[in-house]
Amino acid sequence: MSKPLEGIKIIDFTHVQAGPACTQLLAWFGADVIKVERPGAGDVTRSQLRDIPDADALYFTMLNSNKRSLTLDTKTQQGKEVLEKLIRESDVMVENFGPGALDRMGFTWARIQELNPGMILASVKGFSEGHHFEDLKVYENVAQCAGGAASTTGWWKGENSGPTISAAALGDSNTGMHLAIGILTAYVGRLKTGKGQKVAVSMQDAVLNLCRVKMRDQLRLDRVGYLEEYPQYPHEMQYFEDKVVPRGGNAGGGGQPGWILKCKGWETDPNAYIYFTVQGHAWDPICDALGRPEWKTDPAYTTAKARQPHIDEIFATIEDFIKDKTKFEAVDIFRKYDIPCAPVLSMKELLHDESLRKSGSIVEVPHKVRGSYYTIGSPIKFSDLKPEVSASPLLGEHTDEVLAGLGYTPQQIAELREIRAV
Ligand code: CAO
């Protein structure tokens, strides 16, 4: 079966993580993604944190599968001419250079439209156009700080109570995913109007979009003065006095209290924990699971509001119940009662998880230089499409092929190579 995005040609002018994550997704679903890289060096992630000497680093391979690689120095006149031809023949150009880099290269939005009025130009920047920080270059953690994730993650007191960064790529890959949605929207728009458009996602906005419930909490705090589901309520109300959303440790982000609880072996295994959610309507099953049927009718426990002052005691009771059970045994017990919970899984456990292998969420990909590598496959599953992950390209692997497709003769390609334009 042909893949849904087959026939869509994308100039992938991206590097590091935010842009490549977006274009990789589109490549999985069938788009022809041509990664344009500087001759000699290419995407900086090819050589960052290498685990095998002289082989593309996993940082690169895991974000650039299913693409073709064209080396092109777009600062030379000849390189610019090649890019112009490519722009004329492509549907989408994705870039995540520092602010103004594309304009400095001579490819302003006006020029791109002149070359191809149907072109969709998709950009990631740290901040949105016109923002007072728009000139800043931004990496992952900078975005997490600017988008509200860092101020709301971590602990509100104690030695390590400062703003905290999440290990999940909220700034990078998350922004790329937003951009992919924008590109597909603009593409559908173009099918109706024939016109391309500019699509932009700032990393700050993409992080903020994922911090929606924290903004909800700020608005509630402004109105009500406290947040009853936060661990500070009701014993540490001083943390609400400045009316700024405090960090909530491992508390549940929605209306359901939750916490990370120790299981058997936590003293030596850093991941011997489960997450347990005290779902309001599952209170009776929770009491049954814990062998505390008296809590089902005790007014001090029957409503979420009544339970909140005792929430630490409730979590301590669950911890006591699971202290002689592994995280998997604990979850096996609670799943019978329909309680939302899961073990805290390490990267090692996820890498070897059979279900993830079976579903294609973790895949092994043969690679010309590395031998093979494991990578994360498509998290989006379809009934009529099985995205197959193929190796990331070697630097310039498809240069000749792409140039020939643009009409260059072997001799012209050799000349371009001679002057190091490709
Ligand atoms: N041929 C010739 N020149 C090329 C080229 C090519 N094929 N590809 C890129 N370049 C040039 C650009 O023209 C630019 O040159 P100038 O600055 O002289 O105009 C330069 O290479 C790239 O600059 P940059 O600012 O993008 O790169 P950087 O390493 O200094 O900064 C980053 C990296 C990520 C901080 C910056 O690109 C950025 O802020 N991007 C937007 C936000 C973003 O996506 N960040 C997430 C990255 S993932 O963590």
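User: Is Gln 17 buried or exposed in this model?
Analyst: The model is a predicted one, and in it Gln 17 is found in the loop between β1 (9-13) and α1 (18-28). Buried means a relative accessible area under 20%. Gln 17 has a relative accessibility of 13%, so it counts as buried.

User: Which residue has a side chain that makes a polar contact of 2.8 Å with the side chain of Gln 17?
Analyst: A polar contact of 3.4 Å joins the side chain of Gln 17 to that of Asp 172. Asp 172 is also among the residues that come nearest to the ligand. The contact of 2.8 Å is made with the side chain of another residue, Ser 173.

User: Which residues come nearest to the ligand?
Analyst: There are 23 residues around the ligand. By class, this shell has nine nonpolar, six polar and eight charged residues. Those that come nearest are Lys 75, Gly 98, Lys 137, Val 138 and Asp 172.

User: What share of the ligand's exposed area does the protein bury?
Analyst: On the backbone side, an N or O atom of Thr 74 lies 3.0 Å from a nitrogen atom of the ligand, and one of Gly 98 lies 2.8 Å from an oxygen atom of the ligand. From a side chain, an N or O atom of Arg 104 is 2.8 Å from an oxygen atom of the ligand. Taken alone, the ligand exposes 960 Å². The share of this area that the protein buries is 84%.

User: In which pocket does the ligand sit?
Analyst: A molecule sits in a pocket if more than half of its atoms lie within 2 Å of the pocket's grid points. For the ligand, the pocket in question is the second largest.

User: What percentage of the residues in the protein chain is buried?
Analyst: The protein chain has 18 helices and 11 strands. Its C-alpha trace spans about 85 × 45 × 45 Å along the principal axes. Of the 422 residues in the chain, the buried ones make up 46%.

User: Which residue is joined to Tyr 233 by a cis peptide bond?
Analyst: Most peptide bonds are trans. Here the bond after Tyr 233 has an omega of about 0° and is cis. The partner's place is in the loop between α10 (212-224) and β7 (258-262). That partner is Pro 234.

User: Asp 54 has a positive phi; is the residue buried or exposed?
Analyst: Most residues other than glycine have a negative phi. Asp 54 is not a glycine, yet its phi is about 65°. This residue lies in the loop between β2 (32-37) and α2 (58-61). Because its relative accessible area is 70%, Asp 54 is exposed.

User: What is the relative accessible area of Lys 243?
Analyst: The place of Lys 243 is in the loop between α10 and β7, and its phi is positive, near 55°. Partly exposed covers values between the 20% and 50% limits. Lys 243 is partly exposed because its relative accessible area is 37%.

User: What distance separates the C-alpha atoms of Lys 386 and Phe 29?
Analyst: Lys 386 lies in the loop between β11 (371-376) and α17 (399-405). At 58% relative accessibility, Lys 386 counts as exposed. Lys 386 and Phe 29 are 357 residues apart along the chain. The separation of their C-alpha atoms is 8.6 Å.

Terms used. Residues are numbered from 1 along each chain as its sequence is written. This is a predicted model: local features need pLDDT of at least 70, side-chain atom pairs count only at pLDDT 80 or more; totals for chains, interfaces and linings use all residues. Side-chain values use heavy atoms; hydrogens and water are left out. A residue is near a molecule or strand if one of its heavy atoms lies within 4 Å of it. A polar contact is a pair of N or O atoms within 3.5 Å; within protein, one must be able to donate a hydrogen and the other to accept it, and residues adjacent in sequence count only if both atoms are side-chain atoms. Accessible areas come from the Shrake-Rupley method with a 1.4 Å probe; for residues, only the protein chains shown count as cover. On a 1 Å grid over the protein atoms alone, a cavity is a set of points where a 1.4 Å probe fits but cannot get out, and a pocket is an open set with protein on both sides within 12 Å along at least five of seven lines; lining residues have an atom within 4 Å of a point. Ala, Val, Leu, Ile, Met, Phe, Trp, Tyr, Cys and Pro count as nonpolar, Asp, Glu, Lys and Arg as charged, and the others, Gly among them, as polar. Helices (H or I, at least four residues) and strands (E, at least two) are DSSP runs, numbered from the N terminus. Buried means under 20% relative accessible area, exposed over 50%, partly exposed in between (1.4 Å probe, protein chains only).
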